[in-house]
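Please look through the sequence and the model shown here, and then follow the explanation below from its salt bridges to its helices and its core.

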Amino acid sequence: ACGRVAELVEQGSASLVDASTVGATIEDLDILDLEEQLVITDQADIQRVYQSLLRGSVNHLRAFPGRLRAEGAEYRAVYHTEDELAALLADGANRGRQRRGR
């Protein structure tokens, strides 16, 4: 994974669109990793940490599509399907609204 991240960082150095695409791709990968780890652990404290990290990654991922659209580009999910990505982004937006509404 370290080689892939280094490759992505190099790709992101070319332009703002490339940097935003790489940022979204890294969050996409982080989310997949966390989802996989949540499935294989039954320890509640570790699950809480993974859930917290997952929420953070979803929140970070939500920032990139708008930035890309402003530059005339679009993020295409790499590690999730487009439907899974849409659900993650919608779920993250709903959680944010729920927290602010309290």
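A salt bridge is a side-chain nitrogen of Lys or Arg within 4 Å of a carboxyl oxygen of Asp or Glu. The structure holds two of them. In one, E71 pairs with R67, with 2.6 Å between the closest N and O atoms; in the other, the side chains of R76 and E74 meet at 3.2 Å, N to O. Accessibility can be added to this picture, where buried means under 20% relative accessible area, exposed over 50%, and partly exposed in between (1.4 Å probe, protein chains only). E71, at 37% relative accessibility, therefore counts as partly exposed, and R67 is partly exposed with a relative accessible area of 36%. R76, by contrast, counts as exposed because its relative accessibility is 52%, and E74 is exposed with a relative accessible area of 51%.

All of this refers to a predicted model, in which local features need pLDDT of at least 70 and side-chain atom pairs count only at pLDDT 80 or more, while totals for chains, interfaces and linings use all residues. Residues are numbered from 1 along each chain as its sequence is written, and side-chain values use heavy atoms, with hydrogens and water left out.

The protein chain has four helices and zero strands, so named from DSSP runs (helices are H or I, at least four residues; strands are E, at least two) that are numbered from the N terminus. From the N terminus on, the order of elements is α-α-α-α. Of the 102 residues in the protein chain, 28% are buried. The chain exposes about 6500 Å², of which carbon and sulfur atoms supply 52%, as computed by the Shrake-Rupley method with a 1.4 Å probe, with only the protein chains shown counting as cover for residues. Contact means heavy atoms within 4.5 Å, and among the contacts in the protein chain with a separation of 6 or more, 63% are accounted for by residues 24 or more positions apart.

The path along the chain begins with helix α1 (residues 2–12), in which V9 lies. V9 is partly exposed, because its relative accessibility is 48%. V9 and A19 are ten residues apart in sequence, and their C-alpha atoms are 7.8 Å apart in space.

Helix α2 (residues 16–40) is capped next. At its N-terminal end, S15 acts as the cap, with a side-chain oxygen 3.4 Å from the backbone nitrogen of V17. The expected span of a helix is 1.5 Å times one less than its number of residues, so the 25 residues of α2 should span 36 Å, in agreement with the 37 Å between its end C-alpha atoms. The buried residues of α2 are S20, V22, G23, A24, T25, E27, D28, L29, I31, L34 and L38. For reading such a list, it helps that an α-helix has 3.6 residues a turn, so residues three or four places apart point the same way.

D28, in helix α2, deserves a separate look. D28 counts as buried because its relative accessibility is 0%. Its side chain makes polar contacts (pairs of N or O atoms within 3.5 Å; within protein, one must be able to donate a hydrogen and the other to accept it, and residues adjacent in sequence count only if both atoms are side-chain atoms). One such contact, of 2.8 Å, is with the side chain of Y75, and another, of 2.5 Å, joins D28 to the side chain of H80. Leaving aside neighbours within four places in sequence, D28 is in contact with L61, Y75, A77, V78, Y79 and H80.

Helix α3 also agrees with its expected length, since its 27 residues should span 39 Å and its end C-alpha atoms are 40 Å apart. Its buried residues are L54, S57, V58, L61, P65 and L68. P65 counts as buried because its relative accessibility is 13%; P65 and T21 are 44 residues apart in sequence and 8.5 Å apart in space, C-alpha to C-alpha. Just after α3, G72 takes a positive phi of about 80°.

What, finally, brings these helices into one picture? A nonpolar core is a set of buried Ala, Val, Leu, Ile, Met, Phe, Trp, Tyr and Cys residues joined through side-chain atoms within 4.5 Å. The largest such core has 13 residues, of which I31, L54, L61, Y75 and L85 touch the most other members. The elements that give two or more residues to this core are α2, α3 (44–70) and α4 (82–100). L61 touches A24, E27, D28, I31, Y75, L85 and L89, not counting residues up to four places away in sequence.
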